[in-house]
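Please open the model in your viewer and keep the selection tool at hand for a short tour.

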Amino acid sequence: MDDLIELFVVVAIFLIVVVMPVAIAVAFHRLRDIGKRVRGFDDRIHDALINSNSIESALRRLEERFARLEGTQTSTESKPAALAPESAVATEQPAFVRVENASKTPDLKLSPWQVPPELSEHPPTLQSAPEASKRTQAPIVPLTESARAFAQRVREQFAGEEWEAIVGGSWLNKLGVLVLVIGISLFLAHSLTHHGPLARIATGLAVSLAMLAGGVVLERRARYVIVSRGLIGGGWAALYTTAYAAHAFESARVIQSPLIASLVLCAVALGMILHSLRYRSEVVTGVAYFVGFATLAISPITSLALFASVLLIASMLYLAYRFTWDRMAVAGVVVAYVTFIWGAKIPADTHFAFVSSQIALAAYWLLFEAFDLVGLMRRENRDDAVKALAALNAVGFLGMATIEWSAFSPSTIHILFTYAAIAFAATAALRWKLVPPSLVEPSPKIIIERLESGSFEVAATLASGLMAAAIFYRFTGYAINVALLLEAEFLFILGLRLQLKFLRALGGAVFAVAAGKVIIYDPQDDARTAIAGHLFYAWTPTAILTAAAGYANRIGFKGWRAFAWTATLILWFVLAQELDPAYVGLGWLILGGCLFEYGIFTRDVDLRTQGYVASVSGVGALALINGVGDLGFPNLHPWISLVPTTLMAFAATFQLMRETDATLPEPERSWARDAASAAGAILAMLLAWQMLPAPAVAVAWTALAIVLVEAGFATGLLAPRIEGYALAACAFARLFLANFTATGTFGIVSERLLTVVPVIVAFYYAAQRLDEEKLRVHLEWFEYVARRVFLHAGAILIVVLIRFEAGRVAAVIGWSIFSVILLEAGLRLRDVDYRYQSYALAAATFARSWASNFYIPGSLGGMPERVVTGAIVIGCLYGCELLAPRSDRVFTPTNGNPIEQALEYIDLNARTIFSMLASALLALLLFYEISGRLLTVAWGLQAVALLIAGFAIRERVLRLSGLGLFAVCILKVFTHDLQHLDALPRILSFIVLGALLISMSFVYTRYREQMRRFL
């Protein structure tokens, strides 16, 4: 009995699908002859209505013509003949472009949204002649291009109808058909008490047949075109639902064999396609397919449902391709995947269900992708909607497949990504053939245009991204790095072979992922591996392999600079992790040197730049770890790193001096040479600091400074001289930190004297060399300053050395003698700097004697120390006075700088200053050595001595100093001695002072004429 029922259903469906369309075609052929009799008249009216878009516009033009004819006749009778033609011409200007020969216009099909002209609910009526004449009297304004375009869009959307007619006549019809088909599907799906499977299927077939027959009958009447087409679409959808339910729904299952059920669905789909060829309506066909998908959405997704959905998609895409219904295809993408996710069971309950769903999704993607590729083969301008088809298809397929696979078998999801990557790579290759790459330089606008045209870029990006994802899910550990590098190199080389910059960019992106894993993620693994007897981090081999791939892409294949930079960064990082901290700087400097040399050999400025960066970091590391030390890193043998790096730096300097512009252009060669020289100087300083005893460091630095200065003069280069000046300044500071406080001795000579004197000599030598070179070559402004700095620095070192070597008491003796030497040198060499140093040192000696030496109670050879030291200092100061030249010049400033003016004034009055310092220091010494009772007498005798000496050597400052000291004595006698001294000392002070004053007065009076020559 079941076999008979199944046979009956198959025969019924065959009759509906095959016989019924044939019968409809025969009936339509017979009716065609009858329609030809009246078609001529109907076509003319139809074409006129289509061109005017409404009956009202057509009648309006007739009324306007009639009004113009009447106006022409009236104007001809009432106006002069000369004005008639002009008026007639003016009234003939049309408001719209008119098709003169309507019969020659192509046979336009009504849009599914348009209502035939005869369905107008409010047909226009003829207006009276006065109203028509009033209308023609209004000014006629031609429509602009934008206004015409806007009007055309409005007519296309609403087809000349009111929105109410559209909603009521078209949309309600389609919604009603959808609701009816869903109701039939629900009827077939749910079990009813009084109906068996055969009754449900028979009911579905009857309703489907009735809807199809009703639609076919009604479509012959133009008034019911919209209703008929809705019924036809719904009838096919209901028939498809019934055929699907005959096997898929338990409550309506009359076909037991899945094969027979599949054949029935194919027959229904074939019938739908054949019938759609007759109507060629995108909306009608789209409604049918939408209803079919809706039917699948409200029922559980089974293998048969998936097969049915594939058939629906295939037939829909065939029609979309056949009639260029691109929008239906785009809508089909969304509906297909939404239907799948709506009815799919996630995760799948069985392996068969999971495999079936994945195969169906693959078929979905393949069908839509094939449709898009076939559309590209047409070489036509694609609709804006279809430009999004490939993206929607990719998102839907990958999203649904990934969700299902992740839920059912997450451990094997790499299989999905691998096959998907292969599929997208294949379609990318086809798109590359169909849409050739642009020959112009890519720009944002060109890239957008290529994406809209369906080029290969999106597919290639998805393929590479999916393959990278598959690698991460399939492999573990460092195998991921190798696989990523293989993918990156494949994409990069393929891009080079095909001359596709985009593929090279994809290869670079995958390479960046591999490099990022090496730098960020892999170092977290502390595992070690033995290679050639040495323990290395487990990630080091893959890191070196990644760096090698980066250099190969840049150097071998002329890739982007980022490849080499990334490779250098990886090697830099590997050296920092693998080497002992004491040798990291050496490793970085060797890396920089290799890059620099290869950059010169290949004339690659980018590699040379990387070499510079690596070298600078190496010098910095050597300075911090091997130079400064005390950073927590043990460094027992710093010379191992410092010696070779110093030699490398100076070797690079000599090499760059020999290079020419052909191999290394300016100004790169200049600043690279100067940087290498500076690095060598720094490393040599650090080497001396680490390897020599503390007192000898400053001597070594000074020697290196002199060598650099001489090298700068010999080569004519400024940079070595600047480095020498800086190194000398470091040596100067180093003496105060280590040498002046040294207490060791070398035989009978102290380390202090042995190490400071060479530095002093070197400073004076440098000053002398600068003095010589300024006559031969042009020196920079700061080198003139450097000469004076060397002179003053040498004098400062001698003063400090005297202080430490002579001790606290005898220091002033050395200073005073040195002051005389400086003054003599300044006078003989005519160098004002020596004289300035002498003046400053004399003032310092005076202050030191008064502040320190006069308070020392010790003795020297039985004599008080302050008397001995004071006498020597006073003698030296008077000696300086005698050495200083006399000058009668009135001071006139020659420099606007206040400091320079003050120094010029001191130099002009040096003789007076030395004399005043000596006389004041002698008076102070008398104050500390002679008791208060005889102090006035002593100062009086000093005043007499000053006066006598002043007359003898014709030194006016001595005579004035004597007179001034007499004034002090007189003031002291009346303010201090008279009140505080005893009677005898007080009398003695007055008597002696009075006698001295009288004597000097007698001399001034008696020998007045003779002394005028001295005054």
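Is Asp831 buried or exposed? Asp831 is buried, because its relative accessible area is 9%, where buried means under 20% relative accessible area, exposed over 50% and partly exposed in between, with a 1.4 Å probe and protein chains only. This is a predicted model, in which local features need pLDDT of at least 70 and side-chain atom pairs count only at pLDDT 80 or more, while totals for chains, interfaces and linings use all residues. Residues are numbered from 1 along each chain as its sequence is written, and side-chain values use heavy atoms, with hydrogens and water left out.

Select Arg787 next: its side chain meets that of Asp831 in a salt bridge of 2.6 Å, N to O, the term requiring a side-chain nitrogen of Lys or Arg within 4 Å of a carboxyl oxygen of Asp or Glu. Arg787, too, is buried, at a relative accessible area of 13%.

Now move to Arg835 and Asp907, whose side chains form a salt bridge of 2.8 Å, N to O. Arg835 counts as buried at 15% relative accessibility, whereas Asp907, at 23%, is partly exposed. Finally for these charged groups, display Asp771, Lys774, Arg787, Arg788, Asp831 and Asp833 together, since salt bridges with shared partners join them into one network.

To finish, select Tyr364, which is among the residues with the most contacts inside the largest nonpolar core, a set of 88 residues; such a core consists of buried Ala, Val, Leu, Ile, Met, Phe, Trp, Tyr and Cys residues joined through side-chain atoms within 4.5 Å.
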